[in-house]
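The following exercises ask you to work through the surroundings of a bound ligand, step by step. Please look at the sequence and the structure before reading each solution.

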Amino acid sequence: MDAETSSTATAAETLTFPAEFRWGVATASYQYEGDCENSQWRAWEQAGHIKSGDVAGIACDWWRHAERDFDLAQQLGLNALRLSVEWSRLEPRPGEWDETAFARYREMLQGLRARGIEPMVTLHHFSDPIWFEERGGFLAPSAIDVFARFVGRVIEELGDHCDLWCTINEPNVYSVAGYLIGEWPPGHHGEVRTAFAVQATLARAHAAAYGVIHQQQPHARVGWAQNYNIFAPATNSPLDRLVAGAQDAAYNDFFPRAVLTGRAVFPFSIFAGGLRAVRGTCDFVGINIYYREHVSFDLRYGQELFGRRSRPDGAPRGDTSANDFFGELYPQGILDVARRLAVFGKPLYVTEHGVGDQNDRVRPWLIEQGVRSVHAALREGLDVRGYYHWSLVDNFEWAEGWQQRFGLAALDLATQERTLRPSGHFYSAIASANALTPAMARQFVTTTSTTS
Ligand code: BGC
């Protein structure tokens, strides 16, 4: 393993973090709760779209026993947990609300607070009610109003127990995977214009949610979680640099730019519609970061703005995946992204960072490098408030089903037994000490092979 480190701190230094720093884990309702019968993902599974044939099933059984994992998070010394509320559960039919489900979420949020864990609640994490999808999802004319109504209801019901809200998880992934690659519902292939239209609508839906939340809870802190891929030109040639920059602008920058400026850049502005109302609608920015891609100019890749993505031999990788979604692991990218987001002048959270790694081959290294990268950002004066590792326990990994294992703890699906991986012990040591010491790194980062 010869991956570079991003930090200016040496390996011999203890890295300490601010007293209020949040050490958390990130989760999502469909991937954890189990039995989300009214979600479009359930319909997608039933239609046979998960290549492995896996289904989420009872997942990590949170709907009945989330508290088991809240105990685990507490034992690990964590003080933060990101979870999402399942729209399809709370509003199984348009305008029909499930009070029992709200009560369960209240119980869960209270359970977190009682354990000294601050919840961050995501309002939309890829899963939509089937009725919403059948109406055209975020392309339906009523979508923004319907989503805002849902958000209003959530704040009314749960606002006493949470004031840290993430409106939408990874609008870029939702639109690219569902409308361009087609591996996710609704399974559209190659619809570049539609993918931008969906992303722009998500930006307006985010802005509407921001308004609704602040109206009901003026002190709320509201942001969204943006997925970042680092697009590095494969060579220094002007064409490679051009296409890497184009992919970066389209994928990474479209949504943040809308929030920052209320506009999209040309040519994406052609598909975007009005974004003025989106300007300034965030109190923090969430960074979800996993991968780096090396980009070469290639005329055959029109749909990817003429950029062909590749990963050099020997690059650190997680476990091999069925559809090759997952690129070169690049924990050092946290610092790059935090720097570029400084222009917002808002607090930043690393709302996701992790790896699918059944045998904990590379996760300890990834955690060490990620934590170093956060620390390097803090040293530069960047306002990073917390780090949420994806994820606490192995969970249902969308199109990959159960074939990708992202947990600090391994999950035995048959028994629901959890077994903490060494990386879980490592992360716990860091969170408990609010520091990364050289002794911890020596103890846990013994991996010599980061490639898959
Ligand atoms: C998503 C998670 C997913 C994780 C690992 C993120 O894009 O928000 O839901 O499980 O990546 O692939």
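**Exercise 1.** Find which polar side-chain atoms lie close to oxygen atoms of the ligand, and state how far away they are.

*Solution.* Begin with Glu352, where a polar side-chain atom lies 2.8 Å from an oxygen atom of the ligand. Continue with Tyr290, whose polar side-chain atom lies 3.3 Å from a ligand oxygen, and then with Trp390, where an N or O atom of the side chain is 3.3 Å from an oxygen atom of the ligand. A polar contact is a pair of N or O atoms within 3.5 Å; within protein, one must be able to donate a hydrogen and the other to accept it, and residues adjacent in sequence count only if both atoms are side-chain atoms. This is a predicted model, in which local features need pLDDT of at least 70 and side-chain atom pairs count only at pLDDT 80 or more, while totals for chains, interfaces and linings use all residues. Residues are numbered from 1 along each chain as its sequence is written, and side-chain values use heavy atoms, with hydrogens and water left out.

**Exercise 2.** Describe the shell around the ligand by residue class.

*Solution.* The residues surrounding the ligand include Gln31, His125, Phe126, Asn169 and Glu170, and the shell divides into 6 nonpolar, 3 polar and 3 charged residues.

**Exercise 3.** Is Asn169 buried or exposed?

*Solution.* First place Asn169 in strand β5, residues 164–169. Asn169 counts as buried (under 20% relative accessible area, with a 1.4 Å probe and protein chains only), because its relative accessibility is 0%. Finally, Asn169 and Leu123 are 46 residues apart in sequence, yet their C-alpha atoms are 8.0 Å apart in space.

How values were computed. A residue is near a molecule or strand if one of its heavy atoms lies within 4 Å of it. Ala, Val, Leu, Ile, Met, Phe, Trp, Tyr, Cys and Pro count as nonpolar, Asp, Glu, Lys and Arg as charged, and the others, Gly among them, as polar. Helices (H or I, at least four residues) and strands (E, at least two) are DSSP runs, numbered from the N terminus. Buried means under 20% relative accessible area, exposed over 50%, partly exposed in between (1.4 Å probe, protein chains only).
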